[in-house]
Amino acid sequence: MADLRELFDSTTCVLFDFDGPVCGLFAGYPADGVAADLVSWLRRQGRESLLTRDEARSGDPHAVLRAVALTAPDSGFLAELEAELTEHELRATDTAEPTRYADELIRALRSGGRGLAITTNNSAPVVVRYLTARGLLDCFGHHIHGRTRDLHRLKPDPDCLLRALDSTGVAAGRALMIGDTPADCVAARKAGVAFVGYARNQRKRNLLLGAGAATVVSSLEPILDMAGREPEAL
């Protein structure tokens, strides 16, 4: 906990991954079903061979998109595949469940003077739709950095984090990312940003520790407990 407090006290901007730390986007619209639909779409296009067997069976829609983006970055159908995923994500927002303490943490950080940004592999319009429904959009303003047309730059590439640092004007050493996947951890390390892993179960915790995360919490509550404190002077 002392390490977490030290990280938090040196932070003037918090970068949130979206699906996980902010909400369970696919809580009522299972991600494995979305991934299977994307694989079926590729099969209908005669493109299933772009995926390995493990990628096709991963149950992770972003893993499917990333794999195709890396294997066939100049393919004409890649944008169509991304659009298919975006449509699924937009539908998923209707049944997304807020992560416990996330809404309160976001508001507390904002009222305490810390900058906020979203750094995610999800589509930005999806994030906007969810945050608007929760009354949280003003906390982030224009600092929502989702996937772009450069789909090969999904996390673990640090692109969305670097865009967030640029848009907020915060130095990497004064930023902290909260994420729940190894890709988040690797992206933060590449960007030079401190990282706190959020793991809702032991499997997630083990994956984050295996990726090199030094600080992992099972709840956002301890961060919320610290959020009322003012950032230390630069």
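## Sheet

L15 stands opposite A117 of β4. This is a predicted model, so let's take the strands as the prediction gives them. The pair L15 and A117 belongs to the stretch where β1 (residues 13–16) and β4 (residues 115–119) run parallel, with four bridges joining the two strands.Zooming out, six strands make up an open sheet, and the pairing is parallel. Reading across, the order is β5-β4-β1-β6-β7-β8. The edges belong to β5 (144–145) and β8 (216–217); each has a single partner strand, so one side of each is left with no neighbour in the sheet. Helix α9 (residues 159–168) packs on this sheet and touches β1, β4, β5 and β6 (175–179). The direction of α9 makes about 155° with that of β4.

## Helix pairs

Which way do α4 and α5 run relative to each other, parallel or antiparallel? They pack at an angle of about 170°, with their axes 10 Å apart. Angles over 145 degrees count as roughly antiparallel, and α4 and α5 are therefore roughly antiparallel to each other. From α4, the residues P61, H62, L65, V68 and A69 meet L78, L81, E82, L85 and E89 of α5. By class, that contact has seven nonpolar residues, one polar and two charged.

Now take α5 with another helix. The axes of α5 (residues 78–92) and α7 (residues 124–134) come within 9 Å and cross at roughly 10°. That angle makes α5 and α7 roughly parallel to each other. Here T86, E89 and L90 of α5 meet P125, V126 and R129 of α7. The class count for this contact is three nonpolar, one polar and two charged residues. E89 is worth a look on screen: this α5 residue is listed in the contact with α4 and also in the contact with α7.

## The largest pocket

How much volume does the largest pocket have? The figure is about 890 Å³. Its lining takes in 32 residues, and D19, D180, T181, R200 and K204 are the ones nearest the centre. Several elements give two or more residues to that lining: β2 (23–24), α4 (61–71), β3 (97–98), α10 (182–191) and α11 (202–210).

As for chemistry, the lining of the largest pocket is a mix by class, with 11 nonpolar, 10 polar and 11 charged residues. Helix α4 turns up here as well as in the helix packing: α4 gives residues to the pocket lining and packs with α5.

## One cavity

How many cavities of 30 Å³ or more does the structure hold? Just one, and the space in the largest cavity comes to about 60 Å³. Its lining residues are T120, N121, G146, R147, T148, D150, R153, L154, K155, D159, C160 and R163. Sorted by class, they are two nonpolar, four polar and six charged.

## Backbone oddities

Most residues other than glycine have a negative phi, and most peptide bonds are trans. Two spots in this model are worth checking against that. K155 and P156 are joined by a cis peptide bond, with omega at about 25°. P156 sits in the loop between β5 and α9, while K155 is also one of the residues lining the largest cavity.

The other spot is Y101. Its phi is near 75°, a positive value in a residue other than glycine. Y101 lies in the loop between β3 and α6 (102–111).

Technical notes: Residues numbered from 1 in each chain as written. Predicted model: local features only at pLDDT ≥ 70, side-chain atom pairs only at ≥ 80, totals over all residues. Heavy atoms only, no water. Pairing = 2+ DSSP bridges. Contact = heavy atoms within 4.5 Å. Axes fitted to C-alpha atoms, helices over the stretch in contact; angles between N-to-C directions. Parallel < 35°, antiparallel > 145°, perpendicular 65-115°, else oblique. Nonpolar A, V, L, I, M, F, W, Y, C, P; charged D, E, K, R; others polar. 1 Å grid on protein atoms, 1.4 Å probe; cavity = no way out; pocket = protein on both sides within 12 Å on 5 of 7 lines; lining within 4 Å. Points joined across faces, edges and corners; volume = space filled by probe spheres on them.
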